[in-house]
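Let's look at this one together, a question at a time. Have the sequence and the structure open as you read.

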Amino acid sequence: MMRTLRAMPTLIRVGMVEAIAYRAEMVVWLLTTTMPLVMLGLWTSVADEAPFRAWGTRDFVAYYLVALIVRNLTSNWVAWQISEEIRTGAVSGRLLRPVHPFTGYLGTHLGAVPLRAVAVAPVLVILLWSSARGVLVTDVAHLALVAAAIVGAWLLTFGVFLCLGSLGFFLDKAMGIIEVYFGVFAIMSGYLIPLALLPAWVRDIAAVLPFRSMLGDPVAIAIGRVPDAGDAARLVALQWGWAIALLALASWLWRTGVRRYEAFGG
Amino acid sequence: MRLGYYARLFAVQARASLTTAMQYRADFLVQGLTSLYWLGWNLVPLLVLYDDRSSVAGWSFGAALVVMAHFVIVRGILEGAINPSLGAVVEQIRSGAFDYTLLRPADAQFLVSTARFAPWRALDVLGGVGLLIYAFVRLGHGPSPAQVGAGLVLLAAGLAVMYGLWIMIVATAFWVVRMDNLIYLLSSVFDAARWPASVFRGVWRVVFTFVIPLALMTTFPARALLGTVTWQAGIGCLVGAILISIAARLVWRLALRSYTSASS
Amino acid sequence: MTIEVAGLSKHFRVHRRPPGLAAAVRSLWHRRYDTVKAVDDISFTIARGERVGFLGPNGAGKTTTMKVLSGLLHPTAGTVRVEGHQPFRREPDFLRRITLVMGQKQQLLWDLPPSETYALNRAVFGVDPAQAAQTLGELTELLGLAGLTDKPTRQLSLGERMKCELAAALLHRPTTLFLDEPTIGLDVAMQVTIRDFIRDYNQRHDATVLLTSHYMDDVVALCPRVIVIDGGRLIHDGDLRALVKTMIPDKLVSFTGGVPADEVARLGEVVKAEGGRTTVRVPEARLREVVSHVLDRAGADLAVEDPPLEDVMRKLFKDKRASAPAPAGEPPP
């Protein structure tokens with residue numbers, strides 16, 4: 001444990017150097033998150049004609065820009081990385097190191113966050129400059145909860161992707177599962193359309209899934225849709241609960257997967 | 001003579017892809033299911049939108065469905081005939097096996113474009129055609145033969161634009177070799193093409209119609225089928241397609257020159 | 001002359017990647033470039049039907065030269081003509097006459113049997129079906145491909161794959177062969193098979209062969225002539241045996257027993273003394289004397305050999321390095 005903690009700063013620093021070295025790749029990854037922008041273009045046109053179920057243009061601008069920021073800050077490609085390493089056998093190298101592979105992945109993807117933050121800064125600037133800024137929360141309590149929610153969302157997303165990546169130990173077509181997952185995520189997290197605008201039965205299902213905590217809830221808190229700080233705090237607690245649960249699940253999946261991998265000869 | 005040569009070459013490449021695909025027969029079933037999954041998923045925003053109102057930017061539900069159907073068809077062709085080769089080429093460049101492509105006495109761009117197909121994506125295209133038929137049933141009338149002809153011509157123009165953009169993206173792989181995620185770039189940029197271009201206002205309209213000419217790919221062929229495309233727009237489409245194809249060829253040659261360090 | 005190279009140079013611009021986070025951030029907007037002289041002013045000519053070996057340490061410029069000769073790279077300076085063409089023009093007629101086999105990269109389609117790659121090459125190179133069938137028959141017999149070409153490539157062993165690779169490369173009956181480490185990773189028996197095959201093909205079709213290999217045995221067995229490159233510069237071009245004699249005019253004499261220990265030292269420099277068998281290095285001039293002495297003392301299993309090529313090469317590079325400026329290296333492939 002102590003060895004892991006000591007190794008972390010180095011791993012993160014290496015992760016940052018990696019991120020900068022592969023900056024072209026990073027740009028491409030960022031460019032692939034076009035969905036919020038496309039939706040924004042669509043819904044602002046719709047709302048310009050007439051507010052859509054009490055959501056005006058300002059509301060949509062705030063929602064999708066914040067969603068874009070949160071998505072880019074919290075997303076990472078560790079699921080893809082793990083499934084590739086399993087496929088090529090490179091994961092064996094990781095298993096031979098004295099630190100748990102998860103710390104290596106953590107370093108890589110945590111190290112990319114500063115660069116991602118720099119990349120989404122312009123979006124934040126645009127948001128603050130637009131008329132939508134009036135919708136954003138300004139009190140300390142909510143801002144603190146937003147910060148906690150973003151960290152929680154990062155950990156939860158990391159946990160989910162570790163789980164998905166670890167499926168590569170059991171399934172040949174893990175990449176296919178990841179694509180199907182994205183479809184479910186896009187709806188159940190509010191990434192595609194704000195959950196408030198979806199039918200009630202969809203919202204009911206989303207309430208028992210972790211996806212809302214990955215994106216929809218942090219965004220809702222940030223744009224003032226959870227005015228009561230207590231309610232917001234409960235959402236953040238739920239989110240961190242999901243994060244811990246999924247990280248534990250990821251750990252178990254990994255352990256089981258490695259045993260299977262070693263049994264069948266990587 | 002050259003045409004016959006390239007036709008034979010295409011047949012050989014296609015057969016190789018088909019043979020590989022046949023090895024993974026289960027994939028066809030899985031692909032059928034995922035086609036249906038994404039078809040349904042694509043309809044979600046449409047259903048939400050038109051639940052509240054009957055017309056968006058002048059487009060009725062049926063008309064918007066026609067655009068969506070074109071999106072599904074073009075996407076099926078993108079994922080079935082274009083992107084697989086991209087994955088193959090990027091892998092070749094990384095492993096150095098691309099050198100063998102350059103040692104062959106055929107045009108490298110042609111070899112690269114036909115390297116691999118994913119034939120099971122034809123199910124996507126079928127799904128899109130099915131959606132198209134349903135859309136016209138909703139609209140209560142079918143397109144005239146002239147409209148179908150115009151629609152096919154503009155669809156071909158749209159595919160030419162898609163292909164041109166794709167070649168330009170592949171070309172960047174020569175300069176920045178580690179681009180595994182290139183496959184996702186075109187697909188995600190293409191995401192906007194599921195909506196009629198006129199839905200986007202102001203700066204979005206400019207971006208999606210001119211900077212990334214997606215309107216060309218889905219909206220215009222859809223308009224042709226619906227009989228609402230003007231002569232000027234149609235000619236504009238064709239000109240745009242030709243220009244992009246020429247630009248793509250130039251970018252490709254530039255990339256090859258860089259790879260073989262012709263300039264240094 | 002089939003291959004004519006005059007004053008060939010190939011320089012690469014490689015950007016420097018210093019370690020550390022600060023340097024990485026700086027590299028975001030400012031990159032420093034170094035010029036690497038992979039090939040520096042080399043000239044040689046090769047006649048039709050010759051078998052020539054390219055020797056040199058790693059990063060000496062051998063692969064770069066091969067790539068220039070096959071048209072994959074443009075030269076920075078100098079002129080190159082292969083089979084009457086300028087390689088970098090990549091004219092179809094030129095490409096049909098040559099072939100490049102890279103031992104570390106494969107052209108066979110991975111998921112499909114080699115026969116599919118042969119079909120592709122047949123179509124690509126425009127080989128007449130009857131001609132192709134005949135060539136394939138010949139190659140199958142010479143390389144022993146029976147039963148291999150219909151199994152998916154990924155199911156073949158390394159040696160089987162290499163044989164099929166060679167067949168794919170020769171389907172269009174090229175007359176100039178560029179072979180870059182064709183026997184790498186193969187077991188000794190397979191290396192011999194391939195060597196024999198190359199020699200056979202060379203004699204049968206009067207094909208020019210240019211070979212690079214880290215296995216000195218390949219070069220000794222196949223190439224009467226060697227071109228030695230180090231640090232991008234050509235340091236020797238000529239007969240292999242003559243080179244060996246010039247560099248190390250010694251012989252290795254081996255024998256078992258007979259000669260008493262104190263006399264062995266007087267015979268020459270002891271190279272090896274293991275399990276009763278002694279090997280001494282003897283200058284050519286003293287060979288007769290030493291051999292007579294060993295026979296007098298009833299030394300058994302007498303053998304006289306040339307020094308191994310590795311020793312010759314090592315000496316060659318050491319000499320050149322001592323007199324030449326610091327060598328440049330090849331950029332990573």
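What follows is a set of questions and answers about this predicted model.

Q: How many helices and strands does chain C have?
A: Let's begin with the overall picture of chain C, whose C-alpha atoms fill a box of roughly 70 × 55 × 45 Å along the principal axes. Of its 333 residues, 39% count as buried. The secondary structure of chain C comes to 12 helices and 13 strands.

Q: What percentage of the contacts in chain C with a separation of 6 or more is between residues 24 or more positions apart?
A: Here the contacts considered are those in chain C with a separation of 6 or more. Among these, the share from residues 24 or more positions apart is 74%.

Q: Is strand S5 of chain C largely enclosed or not, and how many of its residues are buried?
A: In a regular strand, side chains alternate between the two faces of the sheet. On one side of S5(C) the buried residues are C:Ile98, C:Leu100 and C:Met102, and on the other they are C:Thr99 and C:Val101. Strand S5 (residues 98–102) of chain C is therefore largely enclosed by the rest of the structure, the number of its residues that are buried being five of the five.

Q: Which residue is the bridge partner of C:Thr99 in S6(C)?
A: S5(C) pairs with strand S6 (residues 176–180) of chain C over five bridges, in the parallel sense. Within S6(C), the bridge partner of C:Thr99 is C:Leu177.

Q: Which strands are the edges of the open three-stranded sheet S2-S1-S4 of chain C?
A: The three strands are ordered S2-S1-S4 in chain C, and their pairing is antiparallel. An edge strand here pairs on one side only, and this holds for strand S2 (33–46) and strand S4 (77–82) of chain C. Neighbouring strands of this sheet are turned by 30 degrees against each other on average, direction ignored. The edges are thus S2 and S4 of chain C.

Q: Which residue of S4(C) stands opposite C:Ile3?
A: Strand S1 (residues 3–15) of chain C runs antiparallel to S4(C), and five bridges join the two. Opposite C:Ile3 in S4(C) stands C:Val82.

Q: Which helix packs on this sheet of chain C?
A: Look for a helix that touches S1, S2 and S4 of chain C. Its direction makes about 115 degrees with that of S1(C). The helix is H2 (residues 62–69) of chain C.

Q: How are H3(B) and H10(B) oriented to each other?
A: Helix H3 (residues 61–95) and helix H10 (residues 219–226) of chain B have axes 9 Å apart and pack at an angle of about 130 degrees. B:Ala63, B:Val66, B:Val67 and B:His70 in H3(B) meet residues of H10(B), including B:Pro221 and B:Leu225. By class, this contact has seven nonpolar, two polar and no charged residues. Given their angle, the two helices are therefore oblique.

Q: In which hand does H2(B) pass H6(B)?
A: The axes of helix H2 (residues 26–52) and helix H6 (residues 122–139) of chain B come within 9 Å and cross at roughly 40 degrees. That makes H2(B) oblique to H6(B). The crossing is right-handed.

Q: Which helix gives the largest share of the side of chain A that touches chain B?
A: The contact takes 26 residues from chain A and 28 residues from chain B. Helix H2 (23–31), helix H3 (35–49) and helix H10 (174–188) of chain A each supply at least two residues of that side of chain A. The largest share, eight residues, comes from H3(A).

Notes. Residues numbered from 1 in each chain as written. Chains lettered and ligands numbered in written order. Predicted model: local features only at pLDDT ≥ 70, side-chain atom pairs only at ≥ 80, totals over all residues. Buried ≥ 20, exposed ≤ 12 C-beta atoms within 10 Å, placed from the backbone. Helix = DSSP H or I, 4+ residues; strand = E, 2+ residues; numbered from the N terminus. Pairing = 2+ DSSP bridges. Axes fitted to C-alpha atoms, helices over the stretch in contact; angles between N-to-C directions. Parallel < 35°, antiparallel > 145°, perpendicular 65-115°, else oblique. Contact = placed C-beta atoms within 7 Å. Nonpolar A, V, L, I, M, F, W, Y, C, P; charged D, E, K, R; others polar. Left-handed = near helix turned anticlockwise from the far one by under 90°.
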